[in-house]
Every structure is written in C-alpha cells, then in structure tokens.
Amino acid sequence: MTPPTSKLPHVGTSIFTQMSQLAAQHGAINLSQGFPDFDCSPRLIELVAHHMRAGHNQYAPMAGVAVLRERIGAKVAATTGADYDPESEITVTAGATQALFTAMASLIRPGDEVILFDPAYDAYAPTIQLFGGIPKPVAVLAPDFTINWQLVGQLMTSKTRLIIINSPNNPTARVLDDADYRELSRLTAGGDCYVLSDEVYEHVVFDGKTHRSAAQYPGLRERAFVVASFGKLYHITGWKVGYCLAPRELMAEFRKAHQFNVFSVNTPIQYALADFLDTPAEYLGLHAFFQAKRDLMLRGLASTRFVPLPCEGTYFLLADYSAISDQPEHAFCRWLTQQHGVAAIPVAAFYTNRVNQGLIRICFAKRQETLERAIERLIAIKMV
C-alpha cells in the first residue's frame with residue numbers, strides 16, 4: 001500500500017519532545033518544556049476525588065458543566081469587565097491547544113490567509129495548514145519584539161481570515177499594551193477578519209504591568225475567540241482543561257467542530273475546578289508567585305555569561321548566549337544539555353524561517369532547589 005501523502009510534510013517531532021528526551025537521556029535539569037515540577041493544591045486533588053465518589057463520572061454536557069461555565073463567566077467579568085453568557089458564549093475544552101485548534105477549524109477555509117507573529121507557539125502554523133489555510137508570519141525580533149502594525153496592515157488582503165495574537169507571549173515574555181490592541185482593532189474594523197487571542201498566561205504578568213484581553217475591546221470582542229488554560233492557572237498542565245470565550249455566533253460555529261473533536265471534557269475535574277474557582281486568591285497571586293521565581297533566575301544569571309532579555313510575563317525568559325558561543329541555537333542547546341546538564345529551547349524553533357539570534361528559552365516554573373541547581377551549572381560555563 002502506498003503511504004498517504006502527508007498533510008504536514010515538513011512537520012516532525014516537536015522541539016519540546018526532543019529536548020525533554022535529550023534531558024532524560026543525559027540526566028539534565030529540564031528547563032526546556034513548560035511544565036511545573038511542583039504539585040498543585042492538595043485541595044484541588046481532594047475536590048476531584050470528592051466528585052468522583054459523588055458519581056460525576058459520565059459524559060459532561062458538550063459545552064461543559066454548567067456550574068463551571070457560570071464560574072468562568074464570573075471570573076472573566078471580575079478580571080476583565082467583559083460579560084459572556086455561560087450558556088452560549090463559553091465552552092470548556094480539553095486544554096488550550098484543543099481550543100486553538102477548534103477555533104481555527106471553525107473559521108479557516110482552503111486558501112484563507114492567517115497572520116501570526118513569529119516567534120510563535122508551534123501549534124499555530126501546522127493547524128492553519130491542516131485546514132487548507134496559508135500562514136502569513138510577521139517576524140518580531142529581539143530585544144524588544146515590537147510588532148510593526150504598519151507591516152501587518154500591508155500584509156492584509158481580502159483573503160485575510162484570521163489574526164492570531166498571544167499575550168503574555170510564549171516565548172518572548174512580552175505583554176501587548178493598549179496601543180497594540182488599538183492598532184489591531186483599527187486594522188480589523190469593518191472587515192471579515194477575525195482574531196484568535198491566546199491568553200493562557202493571563203495571570204502571570206510582572207512588575208506591575210497589566211494584562212489586557214481582547215475581550216476588553218468592543219471592536220475586538222465581537223470578532224475574537226479568547227482562549228485560556230486551567231493548566232497554567234493551577235499548575236495542572238497534565239489535566240488538559242481550558243476554555244474558549246466568543247460571541248454567540250462565533251461560539252455556535254466553534255461548538256459544531258468541538259462536538260466532533262472531543263465532544264466533552266473530563267467530568268469530575270470540571271466539577272472540581274468549578275468549586276476551586278471560589279478562591280480567587282489561588283490565581284490572583286500567580287504574578288507574585290512566579291515573579292519570585294523569575295527574579296531568582298535573573299539573580300542567578302547575573303553571575304553567568306548569559307544575558308537575560310526583558311521578561312514581562314509567562315513563566316519563561318530568554319537569554320542571549322553570544323558571549324559563550326557562536327553556535328546556532330539548536331546546536332548550542334544540545335551542547336548545553338549534553339555537556340552541562342541543563343536543557344533549554346532554541347528560540348529559532350519558534351520561527352517559521354528558523355531565525356537564529358543566539359537566544360535560548362528557559363522555563364522557571366520549577367521548585368527553588370531545581371532552579372538553584374540549574375544556576376550552579378550555568379555559572380560553571382565559560383566558553384565553547
């Protein structure tokens with residue numbers, strides 16, 4: 001039998017899997033893949049067990065357990081001021097990546113153009129291509145990763161179906177400001193271009209900065225899918241639960257795809273998350289929790305030859321290694337893992353054209369002792 005022609009011929013194993021495997025192979029400290037190495041709240045685990053024992057073990061409603069959607073709506077209203085109807089404008093998903101995938105499935109038709117900003121989460125471009133869309137990447141570069149909105153406007157055509165934004169941004173750790181959102185609103189006003197806003201790090205913003213949501217801008221809310229993650233919110237990335245917000249008409253299309261993708265999401269975990277949302281301090285304190293870890297990492301890097309870039313949000317920071325080596329980023333990350341026992345991600349992996357700027361991405365969502373051991377190893381590095 002002839003193998004099928006690949007719909008994604010240029011896609012291989014993700015860089016996150018590659019680097020995590022390499023870290024395990026060499027016993028390296030894994031600061032590459034973005035997951036915490038500490039536990040979530042014991043109360044949250046107890047709530048899941050409680051709802052399992054209470055018999056909440058069958059299919060949930062396709063859109064999500066009603067009480068969870070209601071509490072998501074209350075949370076969004078309290079934190080952004082935006083009102084979404086839990087019945088028709090909020091859907092619980094099997095993680096944020098599924099929400100992103102489903103939003104694109106509901107919009108993109110063959111030949112549609114989709115603008116995204118490189119460096120970008122590696123799921124965006126392949127998903128666009130799966131549905132016959134054409135990725136139109138706009139490169140933003142170190143050190144400030146500022147978006148050139150004039151260039152975006154020049155790139156837009158009658159075929160532009162969607163613009164994807166991500167703030168706080170993985171991997172750049174930049175947070176979009178009011179001027180960015182106003183430019184996006186201006187460019188999309190009056191047309192048939194929609195917005196997909198990836199806001200999974202919404203509560204991980206540092207130094208007094210404010211997270212702004214596409215939901216807060218009337219001109220964007222009416223054309224935007226907004227995606228969030230409980231995995232990032234509560235240190236439960238392996239539970240794969242997120243949600244999507246969208247106006248009624250867009251959400252109706254989203255749910256058409258959602259019901260034939262995963263249909264519904266883990267029932268007892270949904271009930272547990274609904275209960276856990278009654279304690280806003282659990283997520284409102286995230287910025288301070290992760291800023292302490294970021295600051296620990298920054299203090300440690302000050303004693304190394306790495307030069308950190310500004311980190312406004314997320315639990316990642318970028319570091320320039322040009323004072324250590326002139327190797328390309330992929331080669332440097334392999335060397336760092338194999339020879340010095342610290343795994344990181346080459347930032348070039350997030351660019352469509354693999355732009356090499358001598359940068360690595362470090363995840364600091366780790367226990368203090370993990371970060372301190374990693375810092376010790378990084379301090380010991382001289383030059384290649």
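Leaving out neighbours within four places in sequence, S20 makes contact with N30, S32 and Q33. This serine belongs to helix α1, which covers residues 15-26. With a relative accessible area of 16%, S20 counts as buried, because the cut-off for that class is under 20%. These values, like all that follow, come from a predicted model.

From this local starting point, it helps to step back to the whole chain. The protein contains 15 helices and 13 strands. Its radius of gyration is 21 Å, close to the 21 Å that the globule rule gives for 384 residues, so the protein is as compact as a globular protein of that length. Along the principal axes, the C-alpha atoms fill a box of roughly 60 × 55 × 55 Å. Buried residues make up 54% of the 384. The exposed surface comes to about 16,300 Å², and carbon and sulfur atoms supply 52% of that area. The contacts also reach along the chain: among those between residues at least 6 apart in sequence, 76% join residues at least 24 apart.

A good place to see such contacts is around V226, a residue of strand β7 (residues 224-229). V226 is buried, as its relative accessible area of 5% falls under the 20% cut-off. Not counting residues up to four places away in sequence, V226 touches Y84, S197, E199, S213, A214, A215, Y243, C244 and L245. For one of these partners, L245, the separation is 19 residues in sequence, while the C-alpha atoms of V226 and L245 are 5.0 Å apart in space.

Y243, another contact of V226, leads on to strand β8 (residues 242-245). Strand β8 pairs with β2 in the antiparallel sense, over four bridges. Within this pairing, Y243 is the bridge partner of V92. Strand β2 itself, residues 90-93, is covered on both faces: I90 and V92 on one side are buried, and so are T91 and T93 on the other.

Y243 also takes part in an aromatic pair. The search of the whole structure finds 20 aromatic pairs. In one of them, the ring centres of F230 and Y243 lie 5.3 Å apart with the planes at 55°, so this pair is tilted. The two residues are 13 apart and come from distant parts of the chain, with F230 in helix α9 (residues 230-234) and Y243 in strand β8. Both partners are buried: F230 has a relative accessible area of 1%, and Y243 has one of 3%.

Elsewhere, ring pairs join F38, Y201, F289, F290, Y315 and F316 into a cluster. One member of this cluster, F316, also has a charged partner, as R361 lies over the face of its ring at 3.7 Å from the ring centre. A lysine is placed over a ring in another part of the model: the charged end of K366 sits over F35, 4.0 Å from the centre of the ring.

R361 falls within the span of strand β13 (residues 359-363), which brings the description to a second sheet pairing. Strand β13 belongs to an open sheet of four strands, ordered β9-β10-β13-β12 and paired in the antiparallel sense. At the edges stand β9 (307-308) and β12 (345-346); each has a single partner strand, so one side of each is left without a neighbour in the sheet. Two bridges connect β12 to β13 in their antiparallel pairing. Here P346 stands opposite I360 of β13.

The edge strand β9 has a further link to the helical part of the model. Residue P308, within the 307-308 span of β9, is in contact with L298, which also touches L317, when neighbours within four places in sequence are left aside. L298 sits in helix α13 (residues 286-301). Ten residues separate L298 from P308 along the chain, and their C-alpha atoms are 7.1 Å apart. With a relative accessible area of 27%, L298 is partly exposed, because this value lies between the cut-offs of 20% and 50%.

Methods:
Residues numbered from 1 in each chain as written. Predicted model: local features only at pLDDT ≥ 70, side-chain atom pairs only at ≥ 80, totals over all residues. Heavy atoms only, no water. Buried < 20%, exposed > 50% of the residue type's maximum accessible area, 1.4 Å probe, protein only. Contact = heavy atoms within 4.5 Å. Phe/Tyr/Trp six-rings, centres within 6.5 Å; stacked < 30°, edge-to-face > 60°. Lys NZ or Arg CZ within 6 Å of the ring centre and 35° of its normal. Rg over C-alpha atoms; globule rule 2.2 N^0.38 Å. Areas by Shrake-Rupley, 256 points an atom, 1.4 Å probe, with all protein chains shown as cover. Pairing = 2+ DSSP bridges.
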